[in-house]
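Some notes on the model follow, as numbered points. They take up the metal site and then one pair of helices.

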Amino acid sequence: MNSRKPYQLVSREWKNSDTVFEVNGTKIGQDLVMIAGPCAVENQEQISTITEFLAKLNVKFIRGGAYKPRTSPYSFQGLKTEGLKLLRDAADKHGLGVVSEVMSEDKIAELEEYTDILQVGTRNMQNYPLLRALGKSKHPVLLKRGMSSTIEEWLLAAEYIVSGGNERVILCERGIRTFENATRNTLDIAAIPLVKSLSHLPIILDPSQGTGIRDLVAPVSFAAIAAGADGLIIEVHNQPAEALSDGDQSLYLDQFKDMLPTLEKIAEIRNKQFDFQSELTLSH
Ligand code: PEP
Ligand code: MN
């Protein structure tokens with residue numbers, strides 16, 4: 001039988017046990033990880049309000065783009081270094097880990113200084129020089145699926161990083177382009193159990209880019225956790241209507257809080273635990 005896949009190190013044929021690594025106290029791949037925060041860091045007040053709120057819920061990771069890959073060159077491109085500083089300062093006050101996107105090889109060192117996990121965006125999934133350079137990084141990499149990429153191409157992108165020596169890769173399904181335009185992308189929920197069967201790497205879901213519609217974020221997140229995802233990365237904003245990017249898909253803070261008890265119940269059915277343990281959920 002020759003079922004050898006083109007990717008090797010990331011495959012279950014190479015290593016059958018789930019890859020687990022600890023970041024900021026969370027055993028990613030074992031505990032379910034929750035990463036939440038705005039699409040982009042906008043100003044000090046925004047990021048400190050959101051961070052404080054997440055910290056109260058015991059969320060362990062904040063996300064926020066400082067270098068933003070925007071479709072239009074005229075859209076807000078992010079606060080860059082200033083944004084990274086604001087994000088790190090806010091996170092440090094509450095002991096949160098930081099996730100932010102690295103768009104190019106020459107920015108890896110800077111992103112490493114301010115973050116705990118480096119995000120590779122959908123548009124960069126096939127930026128092979130970037131992937132190769134991340135293979136030498138000491139930071140874990142959150143690798144989004146390319147919006148037009150097959151699962152095989154995605155796993156081969158992960159193989160670039162792992163074969164370079166960095167085994168700490170988290171795959172992230174974030175929806176793909178199809179003929180359907182009622183949602184921003186078409187979320188491939190089936191990718192979660194399929195990737196789990198093909199690879200030992202952890203896989204999480206981004207329901208925000210995946211749907212583009214805030215009211216779809218909770219139901220789709222429930223589905224992903226039920227389907228075996230290792231966590232979620234969700235956009236939340238203190239004032240979604242004023243957001244400089246992705247406001248329509250950003251949850252209101254209370255909307256985010258309200259979905260947590262259900263997520264915990266679904267996790268429990270799987271004999272899993274989320275890394276947050278909010279008082280809210282504990283009192284249920
Ligand atoms: C984001 O997380 O804000 C983002 C730009 O994601 P993606 O690369 O999946 O579009
Ligand atoms: Mn976004």
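Which spacing do the donors of the manganese ion (ligand 2) follow along the chain?

1. The spacing is C-x195-E-x10-D. Cys-39 lies in the loop between β3 (33–37) and α1 (44–56) and Glu-235 in strand β10 (residues 231–235), so this pair ties together parts that are 196 residues apart in sequence. Helices (H or I, at least four residues) and strands (E, at least two) are DSSP runs, numbered from the N terminus.

2. This is a predicted model, in which local features need pLDDT of at least 70 and side-chain atom pairs count only at pLDDT 80 or more, while totals for chains, interfaces and linings use all residues. Residues are numbered from 1 along each chain as its sequence is written, chains are lettered from A and ligands numbered from 1 in the order in which they are written, and side-chain values use heavy atoms, with hydrogens and water left out.

3. Cys-39 (SG), Glu-235 (OE) and Asp-246 (OD) are the protein donors, 2.1 to 2.4 Å from the manganese ion (ligand 2). Donors are N, O and S atoms within 2.8 Å of the metal (3.2 Å for Na, K and Ca); water is not among the atoms, so sites may look incomplete.

4. Cys-39 counts as buried at 3% relative accessibility, and Glu-235 at 0%. Buried means under 20% relative accessible area (1.4 Å probe, protein chains only).

5. In α2, the residues Gly-83, Leu-84, Leu-86, Leu-87, Arg-88, Ala-90 and Ala-91 are buried. Their cover includes α1, β4 (61–63), β5 (97–101) and α3 (108–114), where contact means heavy atoms within 4.5 Å. Gly-95, with a positive phi near 70°, follows α2.

Note on methods. Buried means under 20% relative accessible area, exposed over 50%, partly exposed in between (1.4 Å probe, protein chains only).
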